[in-house]
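Thanks for agreeing to look at this one with me. Below are some points I jotted down to help you find your way around, so please keep the viewer open as you read.

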Amino acid sequence: MHIGSHLSFSKGYMKMAKDAESIGANAFQYFSRNPRGGALKEFDAADAGAMVSYCKERDFAPYLVHAPYVYNACSADEGLRDYAARSMAEDLQRQQEIENSLYVFHPGSHVGQGVERGIDQIAKALDSAMFDGISTTVLLETMSGKGSEVGSRFEELAQIISKAKYGKYIGVCFDTCHTYSAGYDIVNSLDSVLDEFDKTIGLERLKAVHLNDSMTPFNSHKDRHAKIGEGSLGLEGIVAFINHPKLRDKPFYLETPNDLDGYAAEIALLRGKAV
Ligand code: FE
Ligand code: FE
Ligand code: ZN
């Protein structure tokens, strides 16, 4: 099983690989840059190269690079849409330097413009941020549907993919907290949710899972992550999820409210429950 957690990129690439190893992880996620925005760090090729060989030797899952939360590809403000598209382009160019990586972003909030318009704007932003020869798969994250978020319905994600020029290189990151909050009952009806995902988007596009419990009830359209087993999904539901035959080979990334010791404990717990 490939499982790991979100890690801090502040001390560089190799430090993350070692942190991952120290908590029993063989997968990890990090922010491309400060989650509230700002410039990309200067690229340290030696450090990145060291991480790549270290993780390759240990058969790690793809590095999952998360875009900053500030990007809104479907803002009503054209300047903010452009900022999101340009920054994504920079992030993706940076990832050309690191083999075996995935890039996940929140599709955005249409802020009253309507879902249809939001979808068009997101597809357009992707067209300008992606390029011929891209080596990274870009993942749309399943969202909880708080406020005017786009991407809480599988149909919306499917439409973005089908409208985007580089749709072949676009996949989905399935966030268990968000999806459950959005009204997909992955605890009591996991098979039918996966069938629906498969019919709408295609399970082969599901490239990564954000494994989180939720502080809020089913269908609450909130986005509050809980530690594994301490939320409304519960340990049993999460264990069934990671062991599902259609999901067990996907990489799992914890985004639970934990420090490294907490992540180590959750990873050990889940490895112990993997069949
Ligand atoms: Fe996210
Ligand atoms: Fe997430
Ligand atoms: Zn979240």
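1. Let's begin with helix α8, whose buried residues are G234, G237, I238, V239, F241, I242 and N243. The helix covers residues 234-243, and 7 of its 10 residues are buried, so α8 is largely enclosed by the rest of the structure. Please bear in mind throughout that this is a predicted model.

2. Next, the metals. Which residues coordinate the iron ion (ligand 1)? They are H66 and H106, each through NE2, and E141 through OE, at 2.1 to 2.3 Å. Along the chain these donors follow the spacing H-x39-H-x34-E. H66 belongs to strand β3 (residues 63-66), while H106 sits in the loop between β4 (101-105) and α4 (115-129), so this pair ties together parts that are 40 residues apart in sequence.

3. Are the two histidines at this iron buried or exposed? H66 has a relative accessibility of 1% and so counts as buried. H106 is at 19%, and it also counts as buried because the cut-off is under 20%.

4. E141 deserves a second look. Besides coordinating the iron ion (ligand 1), E141 bridges that ion and the iron ion (ligand 2). The two iron ions lie 3.3 Å apart.

5. There is also a zinc ion (ligand 3), and it is 5.2 Å from the iron ion (ligand 1). Its protein donors are H178 (NE2), D223 (OD) and H225 (NE2), at 2.0 to 2.3 Å. Their spacing in sequence reads H-x44-D-x1-H. H178 is part of helix α6 (residues 176-181) and D223 is in the loop between β8 (213-214) and β9 (225-226), so the two tie together parts that are 45 residues apart in sequence.

6. How accessible are these zinc donors? H178, at 1% relative accessibility, counts as buried. D223, at 23%, counts as partly exposed.

7. Now to helix packing. Helix α5 (residues 154-163) packs against helix α7 (residues 190-200) at an angle of about 25°, and their axes are 9 Å apart. That angle makes α5 roughly parallel to α7. The crossing of α5 past α7 is right-handed. On the α5 side the contact involves F154, E155 and A158, and on the α7 side V193, E196, F197 and T200. Sorted by class, this contact has 4 nonpolar, 1 polar and 2 charged residues.

8. A second helix pair is worth finding. Helix α3 (residues 78-95) and α4 have axes 8 Å apart and pack at an angle of about 40°. The two are therefore oblique to each other. Here, too, the crossing is right-handed, with α3 passing α4. R81, A85, M88, A89 and L92 of α3 meet Q121, A125, S128 and A129 of α4. By class, the contact of α3 with α4 has 6 nonpolar, 2 polar and 1 charged residues.

9. Two loop residues have backbone angles you may want to check. V111 is not a glycine, yet its phi is positive, at about 40°. V111 lies in the loop between β4 and α4, and at 49% relative accessibility it counts as partly exposed. H221 likewise has a positive phi, of about 55°, although it is not a glycine. You will find H221 in the loop between β8 and β9, where it is partly exposed, with a relative accessible area of 34%.

10. What does V187 touch, leaving aside residues up to four places away in sequence? Its partners are Y180 and L233. V187 lies in the loop between α6 and α7 and counts as partly exposed, at 29% relative accessibility. V187 is 11 residues from T176 in sequence, and their C-alpha atoms are 9.8 Å apart in space.

11. Finally, have a look at A46 in helix α2 (residues 45-57). At 62% relative accessibility, A46 counts as exposed. A46 and Y13 are 33 residues apart in sequence, and the distance between them in space is 9.5 Å, C-alpha to C-alpha.

Technical notes:
Residues numbered from 1 in each chain as written. Chains lettered and ligands numbered in written order. Predicted model: local features only at pLDDT ≥ 70, side-chain atom pairs only at ≥ 80, totals over all residues. Heavy atoms only, no water. Donors = N, O, S within 2.8 Å, 3.2 Å for Na, K, Ca; no water. Helix = DSSP H or I, 4+ residues; strand = E, 2+ residues; numbered from the N terminus. Buried < 20%, exposed > 50% of the residue type's maximum accessible area, 1.4 Å probe, protein only. Axes fitted to C-alpha atoms, helices over the stretch in contact; angles between N-to-C directions. Parallel < 35°, antiparallel > 145°, perpendicular 65-115°, else oblique. Left-handed = near helix turned anticlockwise from the far one by under 90°. Contact = heavy atoms within 4.5 Å. Nonpolar A, V, L, I, M, F, W, Y, C, P; charged D, E, K, R; others polar.
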